[in-house]
Structures are given as structure tokens and as C-alpha cells.
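Got the viewer open? Let's walk through this one selection at a time, starting with a whole chain and ending on single residues.

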Amino acid sequence: MKIGIFLCHCGHNIKHTVDVARVKEYFQKFLNVAVAEDYPFLCSEPGQELIRSRTEAEGLDRVIIAACAPTLHQDMFKDLVKKGGLNPFLLRRVSVREHCSWVGDDIGKNTDKAIRLIKAGVYGSSHYIPLEEKQVDVTQSAMVIGGGVSGLSAALFLSNQGMHVYLVEKEAELGGHVRKLRNVWPSGKDGSELIDEMVETLRDRENVEIFTSTRMVSFGGSFGNYEATLETPAGESTVKAGGVIVAIGFAPFDPISKPELGYGKDKRIVTTLELENGLDELGLPANPRVAVLHCVGSRDEQIGKPYCSRVCCINALRAGQTVKEKFEHSYVESFYMDVRAHPKGGEEFYEDTQEKGVLFTRGNVGEIIPTPAGVLVRGEDTLFGELLEREFDLAVLSIGMSPPKDNQYIASLLKITLDKDKFFLEAHPKLRPYDTALKGIFIAGTCSGPKDMEESINHGRASAVKLFGLLNLGYAFVEPFVAMVDPKRCSGCRACEQACVAKAIKFDDGERIVRVEEAACMGCGLCNSTCPSSAIGLKGHADSSINDEVGAILEAI
Amino acid sequence: MAEEAKKDIPEIVGFACSFCSFKASEMAGSLRMKYPEGIKIVQVPCSSRVDPAFVIKALFEGADGAFVAGCHPGDCHFIKGNYYTRRKIAALKEMFKAFSMDKKIKLFWVSASEARRFVEKVEHMYKEIKEGNNEGKKG
Amino acid sequence: MGERYLQEKHVLVVGGGIGGITAALELASCGVRVTMLEGGPSIGGRMIQLDKTFPTLDCSSCTLTPKMVEVALHPRIELMTLAKPMGIERNGKGFSVSIQKRPRFVDMKKCTACGACSGACVMKGRLSDEFNLRLSKRAAIYIPFPQAVPQKYLVDGDGCLFVSRGKCKKACVEACETRAINFDEKEEIIESYYDAIVLAPGFDLYDATEKREYGYGSLEGVMTGIEFERICSVTGPTGGEMVINGKTPKRFYFIQCVGSRDRQTGARFCSRVCCMYTAKHATIVRDRVKDAEIYVSYIDVRAYGKNYEEFYKSTQEGGTYYIRGIPGDITQGEKGLLVRVEDMLSGELREIEADLVVLATGVRPRKDTAELCNLLKVDRDEYGFIRTDSIAPSRTSTKGVFVCGMASGPKDVPDTVASGGEAASRCLEYIGEQ
């Protein structure tokens with residue numbers, strides 16, 4: 001083995017507190033070390049040339065760069081050794097700046113530490129094997145589950161980019177909840193018109209296959225090559241997709257599970273949607289008295305819905321305005337906890353609603369009692385700390401969003417996770433709000449938590465772009481740091497399969513051993529440390545490599 | 001350590017995950033925070049990569065202490081690797097209790113930004129072990 | 001598939017905050033060439049100034065820094081800092097843009113970010129640090145913050161004695177071992193053609209000095225939320241110690257809706273983030289300052305996002321007092337600041353003493369958004385946010401120009417990320433039509 005060690009001074013940064021001459025001298029005499037050089041700035045152009053030319057000239061088979069932290073300039077150094085004719089995965093970085101020269105002041109001690117760290121690099125890298133970034137072919141098609149506004153948006157984008165799209169909807173008709181809205185806030189447009197426009201465009205595209213009244217019954221494969229069986233009215237159908245967008249929406253909260261509100265027992269107690277779509281049929285008097293209740297099925301820990309449903313305040317405001325517009329002299333009172341009119345234009349809408357004469361009372365409504373004269377709303381006024389009891393002709397419930405009915409089913413088929421409220425769990429709440437832990441599987445729209453229409457469209461399209469970015473080349477590179485199985489050692493105990501978070505380990509029934517699906521492997525190494533017989537190992541971080549690093553650190557110098 | 005005289009300078013080997021703890025140690029360096037040179041870190045992709053055998057190896061090769069540092073529970077970049085780590089290290093500590101060596105093993109969570117926390121944790125461990133060593137000498 | 005034709009397309013992303021970063025990365029990963037313009041010396045935007053993000057309290061920089069580095073290293077993204085569009089002309093379906101690039105006076109190829117120059121600068125510790133909202137001092141040659149991308153120093157032309165007055169011993173040049181400092185660098189104008197433009201200029205915060213009754217700028221111990229954010233941050237002026245004017249405050253008073261939902265300040269709209277960042281601040285204080293007394297004044301608590309309500313609840317349960325009502329004024333009392341507020345829930349007028357008052361200032365369109373929109377003939381709304389359509393949330397009034405993030409109205413981080421992706425999708429559709 002021919003090892004090359006390049007030590008950077010980083011100007012004063014390393015040289016100041018590490019005796020670079022002593023380090024160099026130490027390694028010049030070291031076994032298998034062909035090159036030990038120091039240089040003021042390895043990242044500078046002449047420094048880079050030094051590494052490249054020495055690697056090439058000496059035919060090095062390990063390069064150790066002892067400089068700044070490994071994340072800095074990593075691609076550049078990898079590129080250099082590659083140009084020098086060495087597999088870039090045989091490069092080892094040792095952080096002597098961030099982990100040595102900058103954290104200690106004593107030159108003698110720092111120099112000893114630097115030697116040990118570099119030695120750990122030498123020993124550890126001796127177990128490295130040449131690796132290649134693996135290229136896997138991916139199917140350039142996508143399955144979108146759910147034909148609501150979010151799924152439609154995703155399908156529109158993907159098909160526009162030329163990708164084959166399978167759109168799966170369990171209902172007979174596409175459009176989800178938006179189709180039922182007569183007046184979509186804030187545009188005032190008809191929901192079914194918006195949906196029809198989207199659906200027509202999709203129907204015109206040859207690369208879109210729409211499956212309605214269809215249920216997915218099985219799902220398998222890994223990133224780039226997922227496979228699903230669909231139960232369609234015309235029989236079973238199998239589709240192959242590179243990635244999946246789950247956009248199965250939400251289930252409206254069913255107010256029957258709050259029996260004290262009397263919903264379903266009296267036709268004078270309705271939801272906001274029922275009011276919007278059937279105000280004329282309600283048979284209200286000329287100057288009706290209407291109560292609007294916010295937060296029905298939201299922010300309510302007793303029924304297991306501690307979260308805010310995000311859209312119901314606006315819906316409640318709109319209900320109030322709808323009544324006021326039809327009945328100028330009506331008495332409309334809204335009962336709220338906080339008015340969360342946060343969307344763009346929402347606050348102004350709230351003010352307008354107040355100006356139109358809707359009264360707002362901060363209160364908790366405990367029960368609604370139907371009487372012959374009207375519906376009696378009882379509760380507590382939380383502003384004045386008094387009990388309230390008022391009679392209305394109509395009570396409107398602004399219901400929240402509950403998780404979709406098929407959440408558990410889809411989650412277990414796709415092996416994705418639900419959050420504590422049983423919506424789908426995103427990979428990261430801030431920066432990956434529509435990704436899942438599994439590559440190529442996205443969650444868009446309200447199935448990951450309440451959202452309004454604009455936010456659902458954003459989600460649908462944003463996740464579609466991400467999926468397109470993963471699939472558009474027709475192939476994808478996978479990090480070579482994946483697990484590998486030694487078939488001779490594997491006893492088929494399947495401990496690793498259970499531990500694997502990415503579901504990348506599959507049991508081979510024929511051979512009675514496990515196999516790794518490299519495209520799905522995240523490279524965490526959990527399987528490696530779980531295996532009782534060291535039969536599964538993580539490339540680039542082998543047991544022997546880490547063990548020898550530990551040994552090197554503690555060895556006498 | 002080979003030389004007995006150096007025994008009062010504890011040697012500690014730490015395993016730090018690439019995404020959080022190693023990043024924090026990097027940042028500690030960039031911020032020029034100081035900690036004893038006896039502390040040396042081995043980078044692992046995820047704290048769940050740490051086989052308890054590595055920790056045992058470190059202690060048997062003469063380290064005075066070993067720690068495993070990962071992302072905070074729930075923050076693991078590999079979704080939940082650190083929960084496995086927590087279980088494994090707890091079991092290992094339990095085992096080492098039999099030899100009164102459980103204090104030599106530590107597990108802690110440090111996020112990528114918590115350079116200060118990283119330094120506090122390793123310094124605290126270093127101090128504890130140093131005191132323990134000195135007491136051992138007296139006894 | 002689309003790969004080949006997309007490679008020939010070139011999109012300009014204006015703004016290097018999380019919205020622009022998301023849009024740029026998505027576009028580039030789909031095969032498009034992207035040029036990102038950032039007016040300042042580093043990308044990262046507002047988010048990188050934050051200490052932690054709600055509701056998970058994970059640190060802002062560790063989630064964002066990898067994205068910033070990805071932008072810098074991406075083979076299809078060209079990053080230009082200290083740059084802004086000067087002139088834009090419609091050219092076919094695309095745009096001819098002239099970009100003004102201010103000098104950095106540091107050769108980015110040579111600079112190793114060792115910091116020797118900063119230490120040698122005669123202005124060291126004498127100039128206000130903008131990244132820390134002027135709460136700390138820096139030199140004339142500096143790096144805006146430790147994780148800056150690009151990881152390169154720059155010379156502040158106004159602060160540097162040599163650049164502004166032509167007289168300095170130039171110790172920085174002596175100190176720099178790689179000879180990276182170059183005072184001959186001149187402003188450049190770069191002309192280029194782009195097939196589409198994504199605007200992500202971000203936002204400003206309401207100027208709290210306008211609200212005289214709160215004494216911001218005149219009373220000691222009244223600061224804004226973003227300033228408080230820097231105080232909490234490990235990379236901030238106090239290194240993350242909660243120390244203000246040499247003391248750790250014990251009594252904290254947070255006021256929400258300062259410059260939001262307030263006609264007097266010209267903003268009827270809700271800024272969408274202040275309720276939650278206040279809850280975050282209260283939680284951080286509870287964690288770091290034992291026996292702290294914490295009050296929050298509010299109109300409505302808008303904890304609408306995922307796990308936000310739960311976070312708000314736990315903030316309350318952790319011992320933060322929420323008072324429904326916005327204070328009338330703040331004055332200097334004998335034992336601290338006096339906050340006068342009518343508690344609408346109890347109906348009483350209260351006077352509460354506090355050591356520190358933090359104003360949750362609302363969101364405003366960035367000042368230069370107006371200029372940018374005029375260049376592009378893009379419509380804005382009554383407040384100056386870029387006007388969009390709720391069905392196509394990134395589409396502006398000018399074809400081929402898209403917007404994401406706060407520029408079209410207040411958004412939190414996840415919404416900004418989603419809007420960045422949406423803008424990328426519309427942009428791809430647009431350039432595909434050509």
C-alpha cells in the first residue's frame with residue numbers, strides 16, 4: 001500500500017499551534033507512507049496541484065488530507081485525487097484545524113494529538129474499498145394518489161413536463177372537497193368550475209391515466225421503481241411508478257361526535273358547507289338570528305383534536321357574511337376562541353365581516369338545545385367570565401379537518417408514518433414539509449395537516465417539482481455508502497430487517513438470507529451495529545475501519 | 001496509554017454523528033472554543049452506527065472514557081437511529097455497572113448548532129473522569 | 001425526457017433567502033441553469049439570523065446551512081453576491097437583464113477565510129455589525145457570520161478607510177498570506193439573457209420607532225423580536241448569553257401585533273409569524289432564565305400551523321402569562337419599565353413592571369421590492385406586496401415573472417418553502433412553452 005499524507009498549515013491556523021515539521025517527520029518514517037508533505041494552503045491552486053501531481057506520480061492508493069473539517073472543500077479534494085488517478089472514495093480527510101489546532105493552545109500536546117488523529121485516518125482508511133456512485137435506472141412516471149386540488153395540481157405539473165402520470169381516486173369523481181364549494185375564498189369562484197378546468201386539461205393529455213373508483217391494494221418496490229396494484233372497476237391493474245405523491249386530503253370533522261351540539265338531531269343546526277350550499281332551503285324567518293360556532297372539532301383536547309384546523313375561522317367569517325348579505329337585518333353572532341384570519345386578505349375579511357354587523361363573542365359554547373322557538377346556545381363568555389344563553393333560529397358549526405379515512409391503510413401499504421394526530425408525518429417540519437422518510441414518496445396537501453386551497457396547491461406543485469427533479473434524468477445516483485450483506489455469514493435472523501428505518505432490507509425466502517435494496521438504503525449503519533454476526537456491513541464505515549481508528553487514537557506514539 | 005505517568009491526563013474517545021454532533025464539534029473549533037486535547041473524536045454517519053463493541057474496544061485499549069453523541073431525540077437525520085442508540089448504550093452501561101465502569105461511558109445529544117453544549121458536555125465528562133482517576137490513585 | 005431542452009434554459013432567481021434557495025435548488029435539480037442574485041454578501045436571508053425555529057425549536061442554521069452550501073456547490077447554480085438587477089427589458093419570451101455587481105475587494109478564489117485580515121484591520125471593533133442588527137461591532141474587512149456562504153471575507157466600502165478616504169496603512173493586505181485583498185476591484189455590470197425570473201426578495205420588519213408610545217430607540221430595554229433573536233443566538237453579540245446591558249433580565253414583556261392588524265401603522269393585515277415567534281421567545285426565556293417572569297400581550301393567538309397550537313399551549317403551561325390586550329404605552333418607572341395594558345379578559349387596567357420589553361414587529365415588503373417591480377412592471381397590492389392569484393399563488397401580472405416567499409405576503413418557513421417549490425413548477429411550465 002502506498003499512502004500519501006498532505007498536511008495543510010492553513011496559514012497560521014494550523015501551523016501556529018501544531019509543529020507541522022515534527023508531524024511530517026513522524027510520518028515520513030511511517031510504514032507504507034510514500035509521501036508526507038506539508039504546504040501553507042492545500043486548497044490554493046499550487047496546493048491542489050501538489051496533491052494531484054504527487055498522487056499521480058507516486059501511484060498512491062490512499063490519500064490523507066490533514067487540514068480543515070471534512071465537509072469543507074470535500075468535492076474539490078475528491079475531484080483532485082480522481083484527476084490523480086485514484087478512486088475518490090480512497091481519500092481520507094482528517095480535521096486538524098477544527099478538532100485540534102483551534103481547540104487547544106499547547107503546541108506539544110496539539111502536535112501529539114494531530115499525529116494520533118492522522119494515524120487514525122491512516123489506519124481507518126486502510127480498510128476502505130474503492131466505491132462508485134451507483135447509477136440506478138428510474139421509471140419516468142408518477143402515481144398520484146388522490147384527485148383533490150392538491151393531487152390535480154401535482155398531476156398537471158408532472159404531465160406538463162412529459163412524465164407519465166397515474167392518477168388514482170377512490171371516489172367516482174375527481175375534485176375532492178373543492179368541487180363542493182360554491183364560493184371559494186378569496187376569489188369567490190365556483191369550486192366545481194376550477195376543478196373542471198383542471199380535470200379537462202388532464203383528460204386531454206395522452207400521458208395521464210385516470211383511475212376513478214379505484215383503490216390501491218398492494219404496494220412494493222423501491223425508489224425509482226415502485227409498483228402498485230390497483231383495484232379498478234375494470235379489474236386489477238398494475239402500475240409502475242418512479243415515485244408517488246400521496247394527496248388523499250382530509251375528512252371533515254363529523255359533529256355527531258360532539259352530541260352536546262345537537263347536530264343531526266335538528267335541521268336548524270348545520271355545518272358551514274350546508275349553509276353555503278343550501279341557505280335558501282333552510283326556511284329562515286325574515287330577520288333571522290344566527291349563531292356561528294368556531295373551532296368545532298379543533299383545539300379540543302377532550303375529543304383528541306388539540307390542533308387548529310387553519311381554515312375554519314375563514315369559513316365561519318364567510319358564513320356570517322353569507323347570512324348578512326341575504327338578510328340585511330339579521331342578527332349574527334360568532335362564538336370564537338381566537339379569530340385566526342391569517343391568510344392573505346384574511347384580516348381585512350374579518351374587519352369587513354365586523355363592519356357588516358356580525359358580532360363576535362369570545363366564548364366557549366357548551367351545548368345547543370333545540371326548542372320549539374329556536375335553538376338555545378349555552379356556554380361561557382370568556383371575555384367577561386359570565387354564563388351565556390341565547391336563542392337563535394339557526395346554529396352554524398364551522399367544522400375542522402380530521403385526518404383522511406384511509407390514513408392508516410395508505411401508511412401501512414407505503415410504509416410511511418403518521419403523526420400524533422394521525423395525519424401523515426413530514427420528513428422535516430420546516431425544510432421538507434412534503435417529503436417523507438422514503439425517497440420518492442411525497443405527501444401533499446391536507447393529508448399532512450390542515451391547509452387552505454392556496455397552500456394545498458403549493459404543496460401539490462412543490463412536491464411534484466421535487467419528484468420531477470429526482471426522476472427527470474431517467475437515472476439517479478445513489479450514495480455508495482450503503483449496507484452490504486456477506487451471504488456466508490448471514491444467518492437469516494432478520495434483526496436488521498426489523499431495525500431498518502428505510503425498509504431497505506428485504507428477506508430472500510429462497511436463500512434464507514437478507515438482501516439490501518441499495519436505492520432505498522440511507523446509509524445510517526444501524527443494521528451494521530444490530531447484526532449479531534457482523535454479516536451486514538456499511539460501506540465506507542466498516543467495523544474494522546472504526547475499530548482500527550479507535551486503536552490508532554490510543555496507541556503509543 | 002502506554003506510559004503510566006500520563007495517567008492523570010484522561011484519554012477520551014468520542015463517537016459523533018456526522019449530521020449533528022460532529023458538526024457541533026466542528027463549530028466549536030470554528031468558534032475557537034477550547035477543550036482538553038485528551039478528547040478525540042471518531043466520526044460516524046449516525047449514532048446508531050456505533051456498535052457497543054467500539055465503546056468496549058476503546059475502553060479495553062486504554063481509554064479512560066468513551067462517549068457517543070447524536071442528534072436530539074426526534075431530530076435524527078436517519079429518522080430514529082438515535083432511539084436505538086439510546087437503548088443500546090443504556091444496556092451497555094448496565095453491563096458495565098458490574099465492573100463499576102459505567103461512569104466511563106456517556107451518551108449525550110448535541111445538535112449541529114450546539115457547539116457550546118458540546119464543549120460543556122465533553123469538559124464535564126473529562127473533569128469527572130479526571131477526578132475519578134485521582135481518587136483511584138489515593139485509594 | 002425534458003432534460004435536454006431544460007439544460008438550455010436559464011432562470012434568474014432574485015434573492016438568496018430560504019424561498020429563493022428552495023426555488024433555485026428545485027429548478028437546478030430539474031436540469032435548468034440558475035443564476036441567483038443576492039444583494040448582501042451571503043445567502044441565507046432572514047432565516048439564518050434566527051436562533052431557533054418554531055415549533056420544534058431546532059436551530060435555524062443547522063437546517064439551513066446545508067441548503068446554502070448546496071446552492072454554492074451546485075454545478076447548475078451560479079451564485080452572485082453583492083449583486084442586483086439594474087435594468088430589465090422584455091426580450092421575446094424572456095428578459096435581458098443588466099446586473100450590477102458591487103466589488104468585494106477580496107479575491108474569492110484566494111481567500112481562505114482565515115480571518116487574519118479582520119484582526120489586523122484598524123477599524124476592528126468600530127463598525128456596526130448589520131447581521132447582528134448593530135448590536136455588536138466588526139472590522140471593515142469581515143465575514144458577515146461564521147456560516148456565511150460564500151465562506152469569504154469582504155470589505156465594507158463605506159467603513160474601510162482606504163476605500164472611503166484613500167488613506168490607510170492597509171494592515172489587512174499585509175496580514176493576508178494568500179494576497180487575496182484587491183482594492184483595485186471595480187463595480188461590474190453584467191448583461192445576460194434569462195428565460196424566466198423568480199422573485200424572492202423577502203421582507204423588511206416594521207420600523208418600531210414609528211410607534212412612539214413604546215419608546216423603541218429611546219427607552220433602554222425595549223427591543224424588537226429580531227434583535228432578541230440575535231441575543232439568543234450562539235453566533236450573536238453575546239454568544240448566546242441572555243445578557244442585555246450587562247445584566248440578565250428577569251421580567252420579560254412581549255408585545256404582539258406591533259405594526260400588524262393596526263390601521264394606524266398602515267397595515268391591516270396579519271403578519272402570520274409574530275404569534276409563534278413570540279411563543280418561541282417565551283419558551284427560550286423559560287428555558288434559559290430560571291425564575292423569569294414572562295408576559296405576552298396579544299389580540300388573537302394565531303397558532304394555525306402544524307403543532308403550533310400545541311406549542312402555544314405548552315408555552316402557556318410553562319408559566320407564560322398571556323394577556324389579551326395590547327399595551328397603550330411603555331414608560332420608564334423607578335424599578336424598570338412600566339407597561340400599561342388593559343386586560344380585556346378581566347377588564348382591569350394593569351401596570352406591569354418589566355426589565356425587557358420585546359416588540360413582535362410585523363412584516364413589511366422590502367423597500368427595494370418597489371424598484372424591482374417597477375423594472376418588471378409587476379403589480380403590487382395596497383401594502384406593496386406583489387400581487388398574485390390564489391389559484392396560481394406564484395404567478396404575477398407579468399408573464400414569465402414568478403414570486404415566492406414573503407414578497408407576496410407574510411408566510412412562515414414551511415409555507416415559504418412550499419411557495420418556492422410552486423414558483424419553480426410554474427417557471428418550468430412557462431419555459432417549457434417556448
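Before the first click, a term: a residue is buried if 20 or more other C-beta atoms lie within 10 Å of its own, exposed if 12 or fewer, and partly exposed in between, with C-beta atoms placed from the backbone. By that count, 54% of the 557 residues of chain A are buried. A note on what you're looking at: this is a predicted model, where local features need pLDDT of at least 70 and side-chain atom pairs count only at pLDDT 80 or more, while totals for chains, interfaces and linings use all residues. Residues are numbered from 1 along each chain as its sequence is written, and chains are lettered from A, with ligands numbered from 1, in the order in which they are written.

**Stop 1: all of chain A**

Select chain A and switch to cartoon. You should find 16 helices and 27 strands; helices here are DSSP runs of H or I with at least four residues, strands are runs of E with at least two, and both are numbered from the N terminus. The radius of gyration of chain A is 32 Å, well over the 24 Å from the globule rule for 557 residues, so chain A is more spread out than a compact globule. (That radius is taken over C-alpha atoms, and the rule is 2.2 Å times the number of residues to the power 0.38.) Line the view up with the principal axes, and the C-alpha atoms of chain A fill a box of roughly 100 × 60 × 45 Å.

Now for contacts: two residues are in contact if their C-beta atoms, placed from the backbone, lie within 7 Å. Among the contacts in chain A with a separation of 6 or more, 70% are between residues 24 or more positions apart.

**Stop 2: a helix pair inside chain A**

Pick residues 20-28 (α2) and 107-125 (α6) of chain A. How far apart are their axes? They sit 10 Å apart, and the helices pack at an angle of about 40°. Axes are lines fitted to C-alpha atoms, for helices over the stretch in contact, and angles run from 0 to 180 degrees between N-to-C directions. α2(A) and α6(A) are therefore oblique to each other: under 35 degrees counts as roughly parallel, over 145 as roughly antiparallel, 65 to 115 as roughly perpendicular and the rest as oblique. The crossing of α2(A) and α6(A) is right-handed, meaning the near helix is turned clockwise from the far one by less than a right angle (anticlockwise would be left-handed).

Show side chains for R22(A), V23(A), Y26(A) and F27(A) on α2(A), and for T111(A), A114(A), I115(A) and I118(A) on α6(A); these make the contact. Colour them by class and you get 6 nonpolar, 1 polar and 1 charged. Nonpolar covers Ala, Val, Leu, Ile, Met, Phe, Trp, Tyr, Cys and Pro; charged covers Asp, Glu, Lys and Arg; the others, Gly among them, are polar.

**Stop 3: across to chain B**

Next, select 543-554 of chain A (α16) and 52-60 of chain B (α2). These helices pack at about 25°, with axes 9 Å apart. That makes α16(A) roughly parallel to α2(B). I546(A), N547(A) and V550(A) meet F54(B), K57(B) and A58(B) here, a set of 4 nonpolar, 1 polar and 1 charged residues.

**Stop 4: chain C and its partners**

Turn to chain C. On the chain A side, 57 residues are in contact with 50 residues of chain C. α1 (12-15), α7 (149-160), α11 (346-355) and α13 (453-471) of chain A each supply at least two residues to that side, and the largest share, 13 residues, comes from α13(A). By class, the chain A side has 24 nonpolar, 19 polar and 14 charged residues.

For chain B, 7 residues of chain C are in contact with 9 residues of chain B. β4 (58-59) and α3 (60-73) of chain C each give at least two residues to the chain C side.

**Stop 5: backbone oddities**

Zoom in on the loop between β7 (164-168) and α8 (191-204) of chain A, where P186(A) sits. The peptide bond between W185(A) and P186(A) is cis, with omega about 0°. Chain C has a cis bond from V149(C) to P150(C), with omega near 0°; P150(C) lies in the loop between β10 (141-142) and β11 (154-155).

Last, two residues with positive phi. N32(A), not a glycine, has phi of about 70°, and with 11 C-beta neighbours inside 10 Å it counts as exposed. A113(C), also not a glycine, has phi of about 60°. Is A113(C) buried or exposed? Buried, with 21 other C-beta atoms within 10 Å.
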